[in-house]
Number of protein chains: 2
Amino acid sequence: MVLKQDKAEGQQPPARPAGVPAKRATIRDVAREAGVGIGTVSRVLSGRAPVAPATRARVEAAMRKLGYHPSRAAQALSRRRTNTIAVVVPLFTRYFYVEVLRGIEEALDETGYALVIHSVERAADRDRAFGDLVESQRADGALIVSLAPDLSLIESLRALHLPAVLIDSSHPALPSVVVDHERAAAEATHHLLRLGHRRVALIDRKDDPFSAEAASARIPGYRRALAEAAIPWRAEYEVIIDFTPEGGQTALRSLLALPEPPTAVFVGSDTQALGVLEAAREAGLRVPGDLAIVGYNDIEVARYVGLTTMRVPMREMGRRGGELLLRALDLGEVEAVHLRFDAELIVRRTCGGSLFRMPTGIDAIG
Amino acid sequence: MVLKQDKAEGQQPPARPAGVPAKRATIRDVAREAGVGIGTVSRVLSGRAPVAPATRARVEAAMRKLGYHPSRAAQALSRRRTNTIAVVVPLFTRYFYVEVLRGIEEALDETGYALVIHSVERAADRDRAFGDLVESQRADGALIVSLAPDLSLIESLRALHLPAVLIDSSHPALPSVVVDHERAAAEATHHLLRLGHRRVALIDRKDDPFSAEAASARIPGYRRALAEAAIPWRAEYEVIIDFTPEGGQTALRSLLALPEPPTAVFVGSDTQALGVLEAAREAGLRVPGDLAIVGYNDIEVARYVGLTTMRVPMREMGRRGGELLLRALDLGEVEAVHLRFDAELIVRRTCGGSLFRMPTGIDAIG
DNA sequence: TTGCCAGTTGGAACCGGTTCCAGTATACTG
DNA sequence: CAGTATACTGGAACCGGTTCCAACTGGCAA
């Protein structure tokens, strides 16, 4: 990678010290300029107490003249609230999290709350992020995405009266917004069974990337669907593996190596499903002719590779989570409301079957 | 979309008022507990002045006993810095921006700076975000991604001594991290020409989504490459269109309707290239047999659809931008350094040609 | 012994808002 | 007409840190 560095030629005066911001007008300056007391200025600012119209006008003129803007830091200190909401989210590069964040943004838009993002990449980060949340009351509330809160966090939040909402994760003590993964998995599996498949495998990953015991809730859904169709369950058809395309690729390879390889796979994430597609291609299998695939989440790519998948309302979840938190902030109390969404089956080209007419010519992508 | 709402059954005591956080130990409480003055506690906290080891131990014990953590708001007020960095980024759902953010995160990790994200979806948002930046010194510095700062912003930043760094955008007065789009476009075009194409079209979008006049810097690169190969330039081969797959699709359709349709297209964004692929498929063209395509950015999907593209070092740009800002914050002055990166050609399946051996069987995807 | 310095320490003043109480002017009641 | 509410206003006290100056200590050179 080539990298060039151009020094700017002195078009500008030597920069004066940054870091320490320039002196700004304070509320007292405004008060002096307008010939009123600081209390009056504060009242004009907040609009929460009566001020005579003439006085208000004078104060506003003074503010304009001095280019006055209240200091957030000072407001935060004296109001005891920061107008900031913390979001703790794992690996926020992933499409899923980005969509959730987008939903949160939607909810917070226009409310004056700023969003501080704590991205968590390792389990240690998570603990640090949770610690931060608690210690340095930088935020008035928290949204925790796809991470299981531990007991000590819950207690700290309660002790500090810091409202928090869980998104894609749940705990009885906190409000949450989740998807019914169990049901969604059952629906995906049912779909494959309806298409006539009898050898349906599952490739999946953990739900919470950082807690080893948080097995995916999709597993029971998959098993239930099999049971309901009276198809015997086979241990070797369940592969739990890394949440990466490579994981999916490896998983499918191993399934194909079985004496009786599956004819259909339900994959617990589109990300892994991409790898599954790759492995199918490398094995020379036609999709969906030789192998039907249903993914999970409906990430952006899914549409372009024609992946049939369960759409999870990611943005909606973010938005609802944000709204729940705003309400808790407003009401001054948290109600442990639990919202549960259902995923929706999006049929594209990787599942085939006679139930759906495919547009001609794009039946196969393998 | 189905939505269920369960009220929690009263497993927990009625929540006490949130919003107003519980009383926390202050520095004065710690001082009293440890039998020292507040100055001494502050010194222990900051570690920036000598404190006798025995005293320090007593203070630390007191802090531990009281569960003391300094208030960020109070620190921000008295230190006149917030330890927060603002990022202004358009439509941050896009892979490009997410990658840049990831790079920024990398740079800021472990530095104690928090990241406040201002997502900009409309031009009005941008102005509001810029306004916020200036007014409410919520942040010590700013990173502005893919947005052209206007003059008034530059002046405000300077007046406030608020350091800012531009990423994927530039201005003489501010440090910036950019990609040499002109050169990258020339390289992409050259590649297609080297493969023997003589009818090479360009599909592109604006560089800055919010400023109408910011034509893509790729256009001159494309033209230069043509000129260097002595290929006459044709106005009808340059299509500037929406930054969406649909835009790309529409663009290719119109190019194919020309009396002499191109045999190759350089597309100024992978997102549009996805639509181009779709349009090629719908027209029954083989890619790259009938139409060669080179995209731009190397977004995640590109790999899975086999798109040849110019890889832009998105994460690296974010990281460098973050580092530049940290340095400005450290030094207390901003040097208008301009870093320029080159994009890198990533050859996959959509350009074809005899120069590169394709793995068998995946030559065509149309 | 005195003088001086470095190492420590206490705490008032300050950062820039909000809040609340006391005070003034005006309006309305009986 | 006094009596009391009502509308508005000023500013001290406070939020919880940091900073700086004055003061105290002991060690060491003169």
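Okay, a definition to start: helices here are DSSP runs of H or I with at least four residues, strands are E runs of at least two, and both are numbered from the N terminus. With that in hand, α4(B) is the element that gives the most to the lining of the largest pocket, five residues.

Some housekeeping. This is a predicted model, so to speak: local features need pLDDT of at least 70, side-chain atom pairs count only at pLDDT 80 or more, and totals for chains, interfaces and linings use all residues. Residues are numbered from 1 along each chain as its sequence is written, chains are lettered from A and ligands numbered from 1 in the order written, and side-chain values use heavy atoms, with hydrogens and water left out.

Back to that pocket. By pocket I mean an open set of points on a 1 Å grid over the protein atoms alone, with protein on both sides within 12 Å along at least five of seven lines; a cavity is a set where a 1.4 Å probe fits but cannot get out, and lining residues have an atom within 4 Å of a point. Points are joined across faces, edges and corners, and volume is the space filled by probe spheres set on them.

The largest pocket holds about 1,200 Å³. Its lining has 37 residues, and nearest the centre are A:Leu77, A:Gln137, B:Pro70, B:Ser71 and B:Ala74. Two or more lining residues come from each of α4 and α6 (123-135) of chain A, and α1 (27-34), α2 (38-46) and α4 of chain B.

And the closed spaces? There are 11 cavities of 30 Å³ or more in the whole structure, and the largest has about 260 Å³. It is lined by 15 residues, with A:Thr82, A:Thr84, B:Thr82, B:Thr84 and B:Arg138 closest to its centre. Helix α4 (72-79) gives two or more residues from chain A and likewise from chain B.

Now the DNA. Counting a residue as near when one of its heavy atoms lies within 4 Å, strand C has 33 residues around it. Among the closest are A:Ile27 and A:Ser42. Sugar and phosphate make up 56% of the strand C atoms that come within 4 Å of the protein. A backbone N or O atom of A:Ile27 sits 2.7 Å from a phosphate oxygen of strand C. From side chains, an N or O atom of A:Ser42 is 2.7 Å from a phosphate oxygen, and one of A:Arg79 is 2.8 Å from a phosphate oxygen. α4(A) gives the most to this surface, five residues.

Methods:
Polar contact = N/O pair within 3.5 Å; in protein donor to acceptor, adjacent residues only side chain to side chain.
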